[in-house]
Amino acid sequence: MQVDGRPYRTIWLNDDGETVEIIDQTKLPHRFEIARLETMEDAAIAIKDMLVRGAPLIGATAAYGMALAARSDPSNEALSAAYDHLHATRPTAINLRWALDEMMQALSPLSPTERPARAYERAAEIADEDVEINRGIGRAGLPIIEAICAGKRPGETVNILTHCNAGWLATVDWGPATAPIYMAHEAGIPVHVWVDETRPRNQGASLTAWELGHHGVPHTVIADNTGGHLMQHGMVDMVIVGTDRTTASGDVCNKIGTYLKALAARDNSVPFYVGLPSPTIDFRVHDGVKEIPIEQRSGEEVAKITGRTASGDIETVTIVPEKSPVANYAFDVTPARLVTGLVTERGVLAANREAIAAAFPERVQAAA
Ligand code: MRU
């Protein structure tokens with residue numbers, strides 16, 4: 001997508017053909033900074049410290065992390081250590097394991113001397129595939145927005161609520177929740193996005209608002225608990241979110257608070273869609289609530305908040321009494337029964353085992 005008129009992806013190979021560059025998302029929305037990854041350890045830190053985040057981008061970064069590892073030591077032992085190290089960075093987004101497995105599958109049959117070149121090639125393919133998958137999700141999701149628009153008075157706005165950042169910053173480009181929105185906007189449909197701030201890290205307020213703004217999409221940032229009220233008053237036409245892991249039966253794990261939006265949507269007959277890239281489906285998991293590991297992050301993220309002061313400095317302040325314990329569950333699971341449709345690169349699917357298996361038979365077979 002565009003940043004100040006210049007097209008960007010969130011991750012790319014440097015001109016030197018070896019190091020990798022990313023947009024440092026911890027600096028947004030106040031500063032647009034590029035960070036360089038020179039080693040596998042840099043890639044692991046970028047994922048763990050959330051310079052990059054969002055399930056698909058975590059996967060693409062891990063793939064390049066394996067390429068950086070292969071460049072420094074392409075032996076079996078070193079690659080397997082790199083796999084384990086990268087895999088341990090964040091537990092919930094399944095794209096991480098998916099990308100690492102893809103890299104291992106590509107590299108294991110080769111001799112060590114052949115591995116570095118193939119590793120860079122496969123990582124680039126994974127990044128390109130992610131762009132195409134998200135473009136496909138946009139194409140599949142656009143008719144949903146068109147249909148809502150067709151049911152309104154001419155010129156009336158389609159109001160879409162989203163949670164966290166499942167935008168282009170969460171992927172290599174486009175974003176599973178925002179691709180249909182960007183395409184609708186480009187098609188001239190009047191869209192407006194309600195952006196949940198998404199405490200504690202504020203990916204909605206800091207990232208989704210930033211990217212929608214740079215693309216000229218009308219939006220309003222709201223406090224996390226506002227969605228139910230808006231839905232009760234007919235101010236939300238649809239909800240669309242991303243996912244970090246979706247089970248074979250259609251349960252959707254996404255940023256903490258997603259489940260509450262799905263409940264409010266059901267109570268108010270607002271359709272609740274999930275933009276789902278196929279690498280985010282975990283065919284080995286069936287009951288999302290029981291089986292998906294939920295990342296628990298530092299309580300500091302809840303106890304503190306970072307922002308820009310009037311003088312332009314970025315500062316972090318504490319908002320919780322010093323001695324109060326805090327808990328920071330990063331994700332929750334929305335059961336399939338609350339999901340209106342899974343918007344995938346192969347079309348909009350019902351959130352159930354049969355529909356998912358019919359759309360991705362090769363993945364079911366590979367997982368068996
Ligand atoms: O903790 P984050 O910022 O990595 O969480 C990101 C999300 O929850 C996104 O909604 C999810 O990764 C889907 S985006 C493709």
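Let's start with Cys164: this cysteine is buried, with a relative accessible area of 7%. Its sulfur sits 11 Å from the closest cysteine sulfur, the one in Cys253, so the two are too far apart for a bond. In fact, a search of the whole structure turns up zero disulfides. Keep in mind that this is a predicted model. Here's a quick tour of the rest, topic by topic.

**Two domains and where they meet**

- The chain splits into domain 1, covering 2–128, and domain 2, covering 138–367.
- Measuring between C-alpha centres on the model, domain 1 and domain 2 lie 24 Å apart.
- Their contact takes 33 residues from domain 1 and 35 residues from domain 2.
- Between them, the two domains bury about 2,900 Å², and 57% of that is on carbon and sulfur atoms.
- On the domain 1 side, His30, Arg53 and Thr92 supply 21% of the area buried against domain 2, which is more than any other three residues.

**The nonpolar cores**

- As a bit of background, nonpolar side chains in soluble globular proteins tend to be buried together.
- Here, the largest nonpolar core has 79 residues, and the members that touch the most other members are Met66, Ile145, Trp168 and Val191.
- Helix α5, which runs over residues 115–150, gives the most to this core, with 13 residues.
- Domain 1 and domain 2 both give residues to this core, so it lies between them.
- Looking past residues up to four places away in sequence, Ile145 touches Val158, Ile160, Pro180, Ile181, Ala184, Ile189, Val191 and Met238.
- There's also a second, separate core of 28 residues, and its members include Val241, Ala248, Phe283 and Phe360.

**Asp244, the annotated spot**

- An unreviewed UniProt entry puts its "active site" annotation on Asp244.
- You'll find Asp244 in the loop between β9 (238–241) and β10.
- Asp244 has 8% relative accessibility, so it counts as buried.
- Neighbours within four places in sequence aside, Asp244 is in contact with Ala55, Thr92, Ala93, Ile94, Asn95, Cys253, Asn254, Lys255, Thr280 and Phe331.
- Two of those names have come up already: Thr92 is one of the three residues singled out on the domain 1 side, and Cys253 holds the sulfur closest to that of Cys164.

**Thr247, in strand β10**

- Thr247 belongs to strand β10, residues 245–247.
- With 0% relative accessibility, Thr247 counts as buried.
- Setting aside residues up to four places away in sequence, Thr247 touches Ile281, Asp282, Val285, His286, Asp287, Gly288, Ile292 and Ile356.

**Ala70, in helix α2**

- Ala70 is part of helix α2, which spans residues 55–72.
- This alanine is buried too, with a relative accessible area of 0%.
- Not counting residues up to four places away in sequence, Ala70 touches Leu79, Pro116 and Ala119.
- Ala70 and Ala117 are 47 residues apart in sequence, while their C-alpha atoms are 8.7 Å apart in space.

Terms used: Residues numbered from 1 in each chain as written. Predicted model: local features only at pLDDT ≥ 70, side-chain atom pairs only at ≥ 80, totals over all residues. Heavy atoms only, no water. Core = buried A, V, L, I, M, F, W, Y, C linked by side-chain atoms within 4.5 Å. Buried < 20%, exposed > 50% of the residue type's maximum accessible area, 1.4 Å probe, protein only. Helix = DSSP H or I, 4+ residues; strand = E, 2+ residues; numbered from the N terminus. Domains from an automatic or database assignment. Contact = heavy atoms within 4.5 Å. UniProt positions renumbered as here; feature names shortened; annotations may be inferred. Disulfide = S-S within 2.5 Å. Buried area = accessible area lost by both parts, 1.4 Å probe.
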